[in-house]
Amino acid sequence: MFSKSKINDPAPGGADGAKPSTPPSAAQASPSPAPKQSEFKASAPKAKPPASVLSADLHVTGNMKTTGDIQVEGTVEGDIRAHLLTIGETATIKGEVIADDVVINGRIVGRVRGLKVRLTSTARVEGDIIHKTIAIESGAHFEGSVQRQDDPLNPGAKSAPAQKANPAS
């Protein structure tokens, strides 16, 4: 155990008699397990980091992969994999996009794979979209095919099975 007087006292063997408030505060610190639990709870939750932003004047050649969020305003020639991917109105992506959530405001030339895919009115997509859920706003330009899959993030996954008629028994 430690006592508070030793931590705060710069010299060992200091004037203990001059600090009458030391024993009550030391008594309060020692037997209280509640502050230890609250300290642990305070350090346990960590704030989610902000999205990485690729500005409009940035041109990236190569693939990108993160478990976080990305907001693209510039040009990317390569594949992108992220948790949440937001394509800005000024952005152009030439490659495959794979993310849990994809919000497209700009241009993509390539395949899009996402659990939730949203094409806004300013979106321009040239390529196939493989999704679990999709939303296409009026005014969006799309050239390609749309395919629903239960697991669109896995390239080897099969499309959702068509319902078969049950034979009469």
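A strand is a DSSP run of E of at least two residues, numbered from the N terminus. The exercises below use this term for a predicted model.

**Exercise 1. The overall content of the protein**

Task: State how many helices and strands the protein holds, and what share of its residues counts as buried.

Solution.
Step 1. Count the elements: the protein has three helices and 14 strands.
Step 2. Consider burial: the chain has 169 residues, of which 29% count as buried.
Step 3. Consider the surface: about 11100 Å² is exposed, and carbon and sulfur atoms supply 55% of this area.
Step 4. Consider the contacts between residues at least 6 apart in sequence: 6% of them join residues at least 24 apart.

**Exercise 2. The largest nonpolar core**

Task: Identify the residues with the most contacts inside the largest nonpolar core, and the elements that give two or more residues to it.

Solution.
Step 1. Recall the general tendency: in soluble globular proteins, nonpolar side chains tend to be buried together.
Step 2. Find the core: the largest one has 22 residues, and those with the most contacts inside it are V72, I80, L85, I87, I93, I104 and V112.
Step 3. Place the core in the chain: two or more of its residues come from each of β4 (69-72), β6 (80-87), β8 (97-104) and β10 (112-119).
Step 4. Examine one member: setting aside residues up to four places away in sequence, V72 touches L54, I80, L85, T86, I87, G88, A91 and I93.

**Exercise 3. Strand β12: the outside and the inside**

Task: Decide whether I134 and H131 are buried or partly exposed, and describe the surroundings of each.

Solution.
Step 1. Locate the residues: I134 lies in strand β12, which spans residues 129-136, and H131 is also found in strand β12.
Step 2. Apply the cut-off to H131: its relative accessibility is 7%, so H131 counts as buried, the limit being under 20%.
Step 3. Apply the cut-off to I134: its relative accessible area is 30%, so I134 is partly exposed, between the limits of 20% and 50%.
Step 4. Describe the surroundings of I134: together with I136 and V146, I134 makes a nonpolar surface patch of about 220 Å².
Step 5. Describe the surroundings of H131: beyond four places in sequence, H131 touches G114, L115, V117, V146, Q147, R148, Q149 and P152. A polar atom of the H131 side chain also lies 3.5 Å from the backbone nitrogen of T133.

**Exercise 4. Salt bridges**

Task: State how many salt bridges the structure holds, and which parts of the chain R107 with E126 and R118 with E137 link.

Solution.
Step 1. Give the total: the structure holds five salt bridges.
Step 2. Examine R107 and E126: their side chains meet in a salt bridge with an N to O distance of 3.0 Å. This pair joins distant parts of the chain, with R107 in strand β9 (residues 107-109) and E126 in strand β11 (residues 124-126), 19 residues apart.
Step 3. Check their accessibility: R107, at 32%, is partly exposed, and E126, at 39%, is partly exposed.
Step 4. Examine R118 and E137: the closest N and O atoms of this salt bridge are 2.9 Å apart. R118 is in strand β10 and E137 in the loop between β12 and β13 (141-143), so the pair ties together parts 19 residues apart in sequence.
Step 5. Check their accessibility: R118 is partly exposed at 39%, and E137 is partly exposed at 31%.
Step 6. Add further cases: D150 and R148 form a salt bridge with closest N and O atoms 2.8 Å apart, while E96, R111 and R113 are linked in a network of salt bridges.

**Exercise 5. Residues that meet across the sequence**

Task: Determine how far apart the C-alpha atoms are in the pairs G127 with V146 and E77 with G95.

Solution.
Step 1. Locate G127: this residue is in the loop between β11 and β12. G127 counts as buried because its relative accessibility of 15% is under 20%.
Step 2. Give the distance: the C-alpha atoms of G127 and V146, 19 residues apart along the chain, are separated by 9.0 Å.
Step 3. List its contacts: outside the four places on either side in sequence, G127 touches G110, F142, E143, G144 and S145.
Step 4. Locate E77: this residue is in strand β5 (residues 75-77), and E77 is partly exposed at 36%.
Step 5. Give the distance: the C-alpha atoms of E77 and G95, 18 residues apart along the chain, are separated by 6.1 Å.
Step 6. List its contacts: apart from neighbours within four places in sequence, E77 is in contact with H59, V60, T61, G62 and K94.

Terms used. Residues numbered from 1 in each chain as written. Predicted model: local features only at pLDDT ≥ 70, side-chain atom pairs only at ≥ 80, totals over all residues. Heavy atoms only, no water. Core = buried A, V, L, I, M, F, W, Y, C linked by side-chain atoms within 4.5 Å. Buried < 20%, exposed > 50% of the residue type's maximum accessible area, 1.4 Å probe, protein only. Helix = DSSP H or I, 4+ residues; strand = E, 2+ residues; numbered from the N terminus. Contact = heavy atoms within 4.5 Å. Patch = residues over 30% accessible without salt bridge, like charges linked within 9 Å, V, L, I, M, F, W, Y side chains within 5 Å. Areas by Shrake-Rupley, 256 points an atom, 1.4 Å probe, with all protein chains shown as cover. Salt bridge = Lys/Arg side-chain N within 4 Å of Asp/Glu carboxyl O. Polar contact = N/O pair within 3.5 Å; in protein donor to acceptor, adjacent residues only side chain to side chain.
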